[in-house]
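Could you walk me through this protein, one selection at a time? I have the structure open in a viewer and would like to know what to click on next and what I will find there.

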Amino acid sequence: LWRALADCGRPDDPRRCTGRAARPPCLAAHGFSGLSISDLVARIPPHNLDAEHVVLGSALADPDVISLLAGLLRESDFYTDHHARIYRAIVALHEAGVTVTPEGVADALGWDDFQMVGGPPKFADLIAQAHLPYYVKANATLIKDAATKRAFIAQATEWIGQAYNGESASGLVDHAASGLHALTERIDPDALRGARTPEGLPLGRVIDDTVLAMHFDVPDLVPTPIPFVNEAFGGGFKRGEFVIIGGDAGVAKTALMLEWARYAADPGHGGHPSAIISVEMLAGDLGQRLIAQNAQVSATAIRGGDIGEGEWDRIHRIQPILGALPITIWDDVVDIRQVRRIIHARPDLRLLFVDYLQLLDGPPSAARYQEIGAIAKLLKRYAKKYRLTVVALCSITPPIEEKGKRRAPTRHNLRESRDLDFHADAILMLWRPNLDSTTRELIIDKARGGASGGRTDLAFTPMYLRFQETL
């Protein structure tokens, strides 16, 4: 069989065979005429004939067993055609309300099929292997597992054939997604049915719940250390919102992120459990920056180990305060799927930072801009599904200068994807208007839940990597 599949480019259609041999052998030449690839692959392992014997013998010996099997096994789950025919006859009797007996199954099969499947000796052998209902269900699970594996092999073989026969990449992906969907439904039909038909919410209920929350609930917002941003967004950012902070290299986006994380996690500002996915820096580097910001010790001195006695005193005073903040740092994450696993494992998480978006690997795509767009789309979905605020740092392409004058960046300067603008609820742009000054400007370029277009100046202290809004 495998020699036929390897030599024949189109084993399912010998007329279109493109095999390597001078006279490409078709399946008929190997004794497999009239069968498709799926049929052939289904005739190879894995299988469990002992489990099939137990299940069929128990159904023949005990009429009550079939009620355990009817919703679990299909006729096509059986490895041999003989067993599939016997099971089909058993199910037919059960669905007709007729008590299942060996004689009734033989009559349902008909004389020719009854003799073909083995006749009285086969039925006697099956009944001799009957077991208690508990073991019957366990053996049925083994049959279903083996059948699913064979179906996966058949599906994978079909994908390989499509790939070799010139199928487009997008077509292959579509076929693969469809095939995996079918396999998943085969394992757990109810799971996918529920996913395809989510329960909707009547508008009246939505309005009533919203008004009730307005009366009695305290707004669940994550504040930022910048009063201008808080004022623009009514106090901070809500659950389910995806925020992008864009900026050029060296503009201190990471420092701004750390100040935000420390501020939001502070008990005085809500004590929001936060996570930092640091794709760019090691956790120790972020720790040094947090110490520099909060102990007011030179970041350069910390890096070089040149710390004075008074500075050590400030570091030791701030150490337990920073250590008590509900912030977790991951510096070994490279893939968007790992981000999802982290979020799923932390149901208490309220605020997630990603530093930075362009360094994450996403779903395989034909172009990098599509991959980045897919990452942003997934981050937005995670924010909604897990009810948290996601903040992603993003690099930009510097705007082109006009007549020697530097222009402020906009959302259109976000690097590598045109889709980031569509997925983000808010886009903040951090830039340095004057290269001779340390002052930064923060621009609200997009705001679904606030006022866009505003901007404020931030005084940046490079020694301590700290920001402060100038009034």
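Let's begin with a partner in a charged pair. Select Glu 75, which counts as partly exposed because its relative accessibility is 32%. Keep in mind as you look around that this is a predicted model.

**Stop 1: a pair that ties two parts together**

With Glu 75 still selected, add Arg 88: the two side chains meet in a salt bridge, 2.7 Å from N to O. Glu 75 sits in the loop between helix H4 (66-69) and helix H5 (81-95), while Arg 88 belongs to helix H5, so the pair ties together parts that are 13 residues apart in sequence. Arg 88 has 40% relative accessibility, so this residue also counts as partly exposed. What lets such pairs form? Side chains of opposite charge can pair when their charged atoms come close.

**Stop 2: a pair inside one helix**

Stay in helix H5 and select Asp 81 and Arg 85, which lie 4 residues apart, about one turn of the helix. They form a salt bridge too, and the closest N and O atoms are 2.7 Å apart. Asp 81, at 43% relative accessibility, counts as partly exposed. Arg 85 is at 21%, and partly exposed starts where buried (under 20%) ends, so Arg 85 counts as partly exposed as well.

**Stop 3: another pair, in helix H9**

Now move to helix H9 (residues 133-164) and pick out Asp 145 and Lys 149, again 4 residues apart, or about one turn of the helix. Their side chains meet in a salt bridge of 3.3 Å, N to O. Both partners are partly exposed: Lys 149 has a relative accessible area of 43%, and Asp 145 is at 40%.

Salt bridges can also share partners. Select Arg 411, Asp 421, Asp 445 and Lys 446 to see four residues joined into one network in that way. How many salt bridges are there in the whole structure? A search finds 15.

**Stop 4: a lysine without a salt bridge**

Next, select Lys 253, in helix H14 (residues 253-265). Lys 253 is buried yet has no salt bridge. Which side chain of opposite charge is nearest to Lys 253? That is Asp 248, 6.6 Å away. A salt bridge needs the nitrogen and the carboxyl oxygen within 4 Å, so this pair does not count as one. There is a polar partner to find, though: the backbone oxygen of Gly 247 is 3.1 Å from a polar atom of the Lys 253 side chain. Show the surroundings and, setting aside residues up to four places away in sequence, you will see Lys 253 touching several residues, among them Ile 245, Leu 393, Cys 394 and Leu 430.

**Stop 5: a threonine in a strand**

Go on to Thr 389 in strand S5 (residues 389-395). Is Thr 389 buried or exposed? Its relative accessibility is 0%, so Thr 389 counts as buried. Add Arg 350 to your selection to see a polar contact of 2.8 Å between the two side chains. Beyond neighbours within four places in sequence, the contacts of Thr 389 include Val 222, Phe 237, Gly 240, Val 243 and Leu 352. Try a distance as well: Leu 379 is 10 residues from Thr 389 in sequence, and their C-alpha atoms are 9.7 Å apart.

**Stop 6: a serine in a helix**

Select Ser 58 in helix H3 (residues 49-61). Ser 58 has a relative accessible area of 1%, so this residue is buried. Apart from neighbours within four places in sequence, Ser 58 is in contact with Val 65, Ala 130, His 131 and Val 136.

**Stop 7: a nonpolar patch on the surface**

For a change of scene, select Leu 201, Leu 203, Val 206, Ile 207, Val 211 and Met 214. These residues form a nonpolar patch on the surface, and together they have about 590 Å² of accessible area. Leu 203 is located in helix H12 (residues 203-216) and counts as exposed because its relative accessibility is 61%.

**Last stop: the whole protein**

Finally, zoom out. The protein has 20 helices and 9 strands. Of its 471 residues, 42% are buried. The protein exposes about 25300 Å², with carbon and sulfur atoms supplying 54% of that area. Among contacts between residues at least 6 apart in sequence, 63% join residues at least 24 apart.

Definitions and conventions: Residues are numbered from 1 along each chain as its sequence is written. This is a predicted model: local features need pLDDT of at least 70, side-chain atom pairs count only at pLDDT 80 or more; totals for chains, interfaces and linings use all residues. Side-chain values use heavy atoms; hydrogens and water are left out. Patches are made of residues with over 30% relative accessible area and no salt bridge: like charges are joined within 9 Å, nonpolar side chains (Val, Leu, Ile, Met, Phe, Trp, Tyr) within 5 Å. Accessible areas come from the Shrake-Rupley method with a 1.4 Å probe; for residues, only the protein chains shown count as cover. Helices (H or I, at least four residues) and strands (E, at least two) are DSSP runs, numbered from the N terminus. Buried means under 20% relative accessible area, exposed over 50%, partly exposed in between (1.4 Å probe, protein chains only). Contact means heavy atoms within 4.5 Å. A polar contact is a pair of N or O atoms within 3.5 Å; within protein, one must be able to donate a hydrogen and the other to accept it, and residues adjacent in sequence count only if both atoms are side-chain atoms. Lys and Arg count as positive and Asp and Glu as negative; His and the chain ends are not counted.
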